Amino acid sequence: MKMEKQKAEKERLYRLWEWERSLWTAGYSKVAGLDEAGRGPLAGPVVAASVVLPPEIEIPGLNDSKKLSGNKRSALAEIIKQKALAWGVGVVDQSEIDRINILQASKIAMIEAVRQMGVRPDFLLIDALTVALDIPQQGIVHGDTLSASIAAASIIAKTHRDSLMEMMDVLYPEYGFKDHKGYGTPRHLEALRCYGPCPIHRVTFIHKMNKTRN
């Protein structure tokens, strides 16, 4: 059973490089994966990451960040940062999300993440989106489970955003941001009923939630 699991994991990791492998064969040497974290929460920023990995480097356990425990994500984030050819993070705060909407904010965060790398990639693999950059790109639905680079970006984005929300928990402890990271959990909703929104809440999201309830 253990050997079967190891074989299945090895095959999964091999398949995770298929998109990158085809692009390297086509002559692209710096393929960046992009993903975001924080489109759904009621509070806090949306964070995107861009990562260029060396060809088929071994990162055991690399996967969509949502399929990993917090400890595993944190450990993998450090490995990715050490082994990546380049990586960058973009952050768009709640006021900008309210102003332009979460989809556009996510795209701006991705563009900023690419710029923060300090290296210009020659192709972008993006989880389900395309962005306004003059770089060849491909949006891949469920890309964080189909591309090693996007999976790596999902881990960097998620761990970075989680750390920001843990900092916000110190400023606004009554909301429990450290535990739910701004998502609409029962505890978070109860805190909103008791205290109302704080400065890092997304006003448009709160209004939409209230309209849905009414």
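**Exercise 1.** How do the residues of the lining of the largest pocket divide into nonpolar, polar and charged?

*Solution.* First, some ground rules: this is a predicted model, where local features need pLDDT of at least 70, side-chain atom pairs count only at pLDDT 80 or more, and totals for chains, interfaces and linings use all residues. Residues are numbered from 1 along each chain as its sequence is written, and side-chain values use heavy atoms, with hydrogens and water left out.

Next, list the lining: Glu-9, Lys-10, Leu-13, Tyr-14, Trp-17, Glu-56, Ile-57, Glu-58, Ile-59, Pro-60 and Leu-62. Now sort them, counting Ala, Val, Leu, Ile, Met, Phe, Trp, Tyr, Cys and Pro as nonpolar, Asp, Glu, Lys and Arg as charged, and the others, Gly among them, as polar. You end up with seven nonpolar, no polar and four charged.

**Exercise 2.** Work out how strand E3 sits in the structure.

*Solution.* Start with burial, meaning under 20% relative accessible area (1.4 Å probe, protein chains only). Five of the seven residues of E3 (residues 86-92) are buried, so the strand is largely enclosed by the rest of the structure. Then look for its neighbour: E2 (residues 46-52) runs antiparallel to E3, joined by seven bridges. To find your place, pick Val-46, whose bridge partner in E3 is Val-92.

**Exercise 3.** Walk along helix H5 and check both ends.

*Solution.* At the start, a side-chain oxygen of Asn-101 comes to within 3.0 Å of the backbone nitrogen of Leu-103. Going along H5, you'll meet buried residues, among them Ile-102, Ala-105 and Val-114. Just past the helix, Gly-118 has a positive phi of about 80°.

Definitions and conventions. Helix = DSSP H or I, 4+ residues; strand = E, 2+ residues; numbered from the N terminus. Expected span 1.5 Å × (residues − 1). Buried < 20%, exposed > 50% of the residue type's maximum accessible area, 1.4 Å probe, protein only. Polar contact = N/O pair within 3.5 Å; in protein donor to acceptor, adjacent residues only side chain to side chain. Pairing = 2+ DSSP bridges. 1 Å grid on protein atoms, 1.4 Å probe; cavity = no way out; pocket = protein on both sides within 12 Å on 5 of 7 lines; lining within 4 Å.
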